[in-house]
Amino acid sequence: DPGKASVDGTGLVSGLSGGDVTITATSTDGTNLSGSCLVSVIAIPPACSATGNITYQVWNNITGVAVSDLTGNVNYPNNPTTTQAITSMEGATNVNNNYGARIAGYLCAPLTGSYTFWIASDDNAELWLSTDNNPLNVVKIAFHTGYTGVRQWNKYATQKSAPVFLVQGQTYYVEALMKEGGGNDNLAVGWLIPGQTGTEPSEVVPGSVLSTLEPAFKIGGIKTENLLSFAKDIKFRVYPNPLITDVLNIELENLSSAATLKIFTASGVECYEGIMENSGTIQVDRSVFKAGVYIIKVYNENFVKTTKLVVN
């Protein structure tokens, strides 16, 4: 269809798909002369854009081995202890105890076709991949609820994803979450790309296809409020604040799905947990608190809201 194609200064034709096509030329001088020919068009796939690094974040001094111990912590996701860029989807090994980690950023597919991913870590881990470059569309594709050795890819069946179809040159948001209790901590994500077969990854996902987080995308399996327009509609109120009565009221409006409520001391120790099923108010008895400063956090898969409470 010549009307939908164009020729640039290099002589390359854009707007045509790969394959055999007929190109017709028609004169415009009133003679109505025309001619056509069959040509073979080679489609040049889009180049894969990547910075060569991905973001690696650590939250120290968190006990437990469940990923929820990390994602439910008062400092997650916006206040990591450390943040750095690494050159593949593999974190540090045997460096600390009682911490959580996240490898997060963007993956550019080098080929079109089916990919298989694996995750391995000590202790529990989850691997999330978006259907596009939007972190809001993440889907958990692999996980395990016990520890593995370094790059021990097949200890649990759930470590391996189902085949995932990706398009060459397209960018996808990806993140791996790990929670370490004690022992020889590790975290790595490997893959098989289209055309490869095997019972384990051909390699750890390399930096050549990776890019770091954009500053605004400080999310995780939990997505922060500044990324979600509809989260701005959620009204969060805590009163009285300072708390001087026998009951603390925690109110949410416009809540579309159940949310977890947690209250932490200023040092990060959890002292209360509850579930808010619907919009409304939860009342927490003053006996939960001593005099001091607390952080109240309400979250689900769509938003995170936090506020400070003073108890007199």
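**Loops, sheets and cores of a predicted chain**

A good place to start is Asn98, which sits in the loop between β6 and β7. The model described here is predicted, and in it Asn98 has a phi near 55°, a positive value in a residue other than glycine. Most residues other than glycine have a negative phi, and most peptide bonds are trans. Asn98 counts as partly exposed because its relative accessibility is 30%, a value between the limits of 20% and 50%. The loop between β6 and β7 also holds Asn94. Asn94 has a positive phi of about 55° although it is not a glycine, and with a relative accessible area of 47% it is partly exposed.

Glu90 is found in this loop between β6 and β7 too. Its side chain is joined to that of Arg151 by a polar contact of 2.7 Å. Leaving aside neighbours within four places in sequence, Glu90 is in contact with Ile103, Val150, Arg151, Leu187, Ala188 and Val204. Two of these partners, Leu187 and Ala188, point opposite ways from β13, and both are buried.

With these loop residues placed, the view can widen to the whole chain. The protein chain contains one helix and 22 strands. Of its 312 residues, 43% are buried. Among contacts with a separation of 6 or more, 69% are between residues 24 or more positions apart. The accessible surface comes to about 15200 Å², and carbon and sulfur atoms account for 50% of that surface.

Strands of a sheet pair through backbone hydrogen bonds, either parallel or antiparallel. One open sheet of four strands follows the order β11-β8-β13-β14, and its pairing is antiparallel. β11 and β14 are at the edges with a single partner strand each, so one side of each is left without a neighbour in the sheet. Starting from the β11 edge, β8 and β11 pair in the antiparallel sense over three bridges, with Gly113 opposite Leu166 in β11. Strand β8 (residues 113-122) is then joined to β13 by seven bridges, again antiparallel. In this pairing, Ala120 stands opposite Ala188 of β13. On the way to the other edge, β13 and strand β14 (residues 203-204) pair in the antiparallel sense over two bridges, and Gly190 has Val204 in β14 as its bridge partner.

How many residues of strand β13 (residues 186-192) are buried? Seven of its seven residues are, so that by the limit of under 20% relative accessible area the strand is mostly covered. Asn186, Ala188, Gly190 and Leu192 point one way from β13, while Leu187, Val189 and Trp191 point the other way.

β13 also brings the description to the nonpolar interior. In soluble globular proteins, nonpolar side chains tend to be buried together. The largest nonpolar core here has 31 residues, and Met89, Leu107, Phe117, Leu127, Leu166 and Val205 have the most contacts inside it. Two or more residues each are given to this core by β5 (54-60), β7 (99-108), β8, β9 (124-130), β10 (138-144), β11 (164-166), β12 (171-180) and β13. Another core lies apart from it, with 21 residues that include Ile234, Ile282, Phe289 and Phe303.

A further open sheet has four strands in the order β19-β18-β21-β22, with antiparallel pairing. Its edge strands are β19 (270-276) and β22 (304-311), each of which pairs on one side only. On average, neighbouring strands of this sheet are turned by 20° against each other, direction ignored. Six bridges link strand β18 (residues 259-265) to β19 in the antiparallel sense, and in β19 the bridge partner of Phe264 is Glu270.

Phe264 leads back to a loop residue. Which residues are in contact with Asn73, leaving aside its neighbours within four places in sequence? They are Ile62, Phe264 and Lys297. Asn73 and Phe264 are 191 residues apart along the chain, yet their C-alpha atoms are separated by 8.6 Å. Asn73 belongs to the loop between α1 (67-71) and β6 (82-86), and it counts as buried because its relative accessibility is 9%. A polar atom of the Asn73 side chain lies 2.9 Å from the backbone nitrogen of Asn75.

Pro77 lies in the loop between α1 and β6 as well. The peptide bond joining Tyr76 and Pro77 is cis, with omega about 10°. A cis peptide bond also runs from Asn241 to Pro242, with omega near 10°; Pro242 is in the loop between β16 (235-239) and β17 (247-253).

Key
Residues numbered from 1 in each chain as written. Predicted model: local features only at pLDDT ≥ 70, side-chain atom pairs only at ≥ 80, totals over all residues. Heavy atoms only, no water. Pairing = 2+ DSSP bridges. Axes fitted to C-alpha atoms, helices over the stretch in contact; angles between N-to-C directions. Buried < 20%, exposed > 50% of the residue type's maximum accessible area, 1.4 Å probe, protein only. Core = buried A, V, L, I, M, F, W, Y, C linked by side-chain atoms within 4.5 Å. Contact = heavy atoms within 4.5 Å. Areas by Shrake-Rupley, 256 points an atom, 1.4 Å probe, with all protein chains shown as cover. Polar contact = N/O pair within 3.5 Å; in protein donor to acceptor, adjacent residues only side chain to side chain.
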